[in-house]
Amino acid sequence: MSQKVLLNATEIQIALHRLACQLIENHNTFNDTVLIGLQPRGVFLAERIKSLLVDHYGIERVQLGYLDI
């Protein structure tokens with residue numbers, strides 16, 4: 001079975017930055033916003049988005065939670 005690469009590392013980073021920008025556009029203050037990562041793999045995605053929001057865009061309070069369905 002051959003593997004196909006859907007997105008390379010650069011394309012994933014671009015998509016994550018765009019998603020972070022859209023979150024900022026829709027939730028200016030993030031006061032009533034919580035990122036929820038669905039376990040197991042969604043946790044990593046939620047953590048990466050939170051990291052981008054805090055480190056690159058200066059959003060101070062980003063709440064993060066995990067949900068095991």
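Biologist: Why is Glu 25 called exposed or buried?

Modeller: Glu 25 has a relative accessible area of 52%. Buried means under 20% relative accessible area, exposed over 50%, partly exposed in between, with a 1.4 Å probe and protein chains only. Glu 25 is therefore exposed. This is a predicted model, where local features need pLDDT of at least 70, side-chain atom pairs count only at pLDDT 80 or more, and totals for chains, interfaces and linings use all residues. Residues are numbered from 1 along each chain as its sequence is written, and side-chain values use heavy atoms, with hydrogens and water left out.

Biologist: What makes the meeting of Glu 25 and Arg 18 a salt bridge?

Modeller: Their side chains come to 3.7 Å, N to O. A salt bridge is a side-chain nitrogen of Lys or Arg within 4 Å of a carboxyl oxygen of Asp or Glu, so the pair qualifies. Side chains of opposite charge can pair when their charged atoms come close. A search of the whole structure finds 1 salt bridge.

Biologist: Why is Arg 18 classed as it is by accessibility?

Modeller: Arg 18 has 42% relative accessibility, so it counts as partly exposed.

Biologist: How many helices and strands does the protein chain have?

Modeller: There are 2 helices and 2 strands. Helices (H or I, at least four residues) and strands (E, at least two) are DSSP runs, numbered from the N terminus. Along the sequence the pattern is α-β-α-β.

Biologist: How do you know that the length of helix 2 agrees with its residue count?

Modeller: The expected span is 1.5 Å times one less than the number of residues. For the 16 residues of helix 2 that gives 22 Å. The end C-alpha atoms are 23 Å apart, so the two agree.

Biologist: Which residues of helix 2 are buried, and what covers them?

Modeller: The buried ones are Val 43, Ala 46, Ile 49, Leu 52 and Leu 53. Their cover includes helix 1, strand 1 (34-38) and strand 2 (63-67). Just after helix 2, Gly 58 takes a positive phi of about 70°.

Biologist: What makes a set of residues a nonpolar core?

Modeller: The members are buried Ala, Val, Leu, Ile, Met, Phe, Trp, Tyr and Cys residues joined through side-chain atoms within 4.5 Å. The largest such core here has 10 residues, including Leu 16, Phe 30, Ile 49 and Leu 52. Helix 1 (9-26) and helix 2 (41-56) are the elements that give two or more residues to this core. Leu 16 touches Leu 45, Arg 48, Ile 49 and Leu 52, leaving aside residues up to four places away in sequence. Contact means heavy atoms within 4.5 Å.

Biologist: Why does Phe 30 count as buried or exposed?

Modeller: Phe 30 has 3% relative accessibility, so it counts as buried. It lies in the loop between helix 1 and strand 1.

Biologist: What is notable about the backbone at Phe 30 and Pro 40?

Modeller: Phe 30 has a positive phi, near 60°. The peptide bond from Gln 39 to Pro 40 is cis, with omega near 5°. Most residues other than glycine have a negative phi, and most peptide bonds are trans. Pro 40 sits in the loop between strand 1 and helix 2.

Biologist: Why is Ile 36 neither buried nor exposed?

Modeller: Its relative accessible area is 48%, so Ile 36 is partly exposed. Ile 36 is found in strand 1.
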